[in-house]
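Student: I'm new to this one, and I'd like a close look at a single part. Could you walk me through its pockets?

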Amino acid sequence: MLQDKETRRTNDIRYMEEISLNAWPSHMIELYDGWLIRFSHNYTYRTNSVEQVGPSTIPVDEKIRYCEDVYAGLGSPCSFKINPLLDPSFDATLEARGYAVRHVTQVMTADLSKISIGEPSSVEFEFENRTGLPSAVTWEDCCVQLQSDITDEWISGLFHLNGTTNPTLRRIVPYMYYAIPKETIAARVECEGRMVASGLGIRDRDYIGIYAIYVSPGCRRRHYARAICSTLLREARRTGAQHAYLQVVQGNAAARSLYQSLGFEDFYTYWFRSRSV
């Protein structure tokens, strides 16, 4: 019985890793003997690290050296994603080579039949579309606007919220969003014509992933993040999704508190091992 439970958990983590990989394409990617070498000019750890997705035939030390050479050629730190599916000895090997733990992340999941989001005060439809997605959902004094497509305008607002100013990132990151192969819901809250909060829902089979939750510092404590998450979860449930997931960086107590209040629970933890060029 215990073995069955452990097998189910392993399969669930593998499934989660697969759909989260679908959700966030890299600018450049190389498949190397069961390892994905991902590079996106250091926009995020996830898209600038090595991820194990299949069996290996080449000795581990040789593979690590190969990855180090690839990232050195790109002028980038070499990072490896460590999740519970990997043999713990791999993490120890990296530590012995001088790799430090970076960016510890908690994956949280929720059953959409049990989430606590309440009902919006109004739902608006400006036009017909194939998904029946509303154009705006209002929660008390907060109006969340929705689009099924990720637009240049939404990405420009996102860059303003997360402080992306590097010209290279502003050039390549939009194409990473456009390359998402799954159904998306781009959400935003505007104030005086400016986007002050963002969110992105990415639907993959029976799950929706919650991404890109940002709120302008001057607009925090107005429950904008809650309104956006509630809207995305409501729409996912309406269209037949059964589960939701998100990823929150360790130490972000405010975000964890919000997500727990919506019904999310901890599932597993992953982190990155990184070493400078």
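Student: How much space lies in the largest pocket?

Tutor: Keep in mind that this is a predicted model. In it, the largest pocket holds about 1300 Å³ of space. Its lining is made up of 40 residues, and I213, Y214, N252, A255 and Y259 are the ones closest to the pocket's centre. If you want to trace the walls, look for the elements that each give two or more residues to this lining: the strands β5 (100–111), β10 (194–204), β11 (207–215), β12 (243–249) and β13 (265–275), along with the helices α4 (152–162), α6 (224–238) and α7 (253–262). Among these, β11 gives the most, with six residues. As for the kind of residue you'll meet there, 26 in the lining are nonpolar, nine are polar and five are charged.

Now set that beside the second largest pocket, which has a volume of about 370 Å³. Here 17 residues form the lining, and Q52, V53, G54, L85 and L86 lie nearest the centre. Two or more lining residues come from each of α1 (2–23), β3 (50–52) and α3 (88–96). The largest share belongs to α1, which supplies four residues. The lining of this second largest pocket splits into seven nonpolar, five polar and five charged residues.

So to find your way around on screen, start at I213 and Y214, which are among the residues closest to the centre of the largest pocket, then go to Q52 and V53, which are among those nearest the centre of the second largest one.

Definitions and conventions:
Residues are numbered from 1 along each chain as its sequence is written. This is a predicted model: local features need pLDDT of at least 70, side-chain atom pairs count only at pLDDT 80 or more; totals for chains, interfaces and linings use all residues. Side-chain values use heavy atoms; hydrogens and water are left out. On a 1 Å grid over the protein atoms alone, a cavity is a set of points where a 1.4 Å probe fits but cannot get out, and a pocket is an open set with protein on both sides within 12 Å along at least five of seven lines; lining residues have an atom within 4 Å of a point. Grid points are joined across faces, edges and corners, and a volume is the space filled by probe spheres set on the points. Ala, Val, Leu, Ile, Met, Phe, Trp, Tyr, Cys and Pro count as nonpolar, Asp, Glu, Lys and Arg as charged, and the others, Gly among them, as polar.
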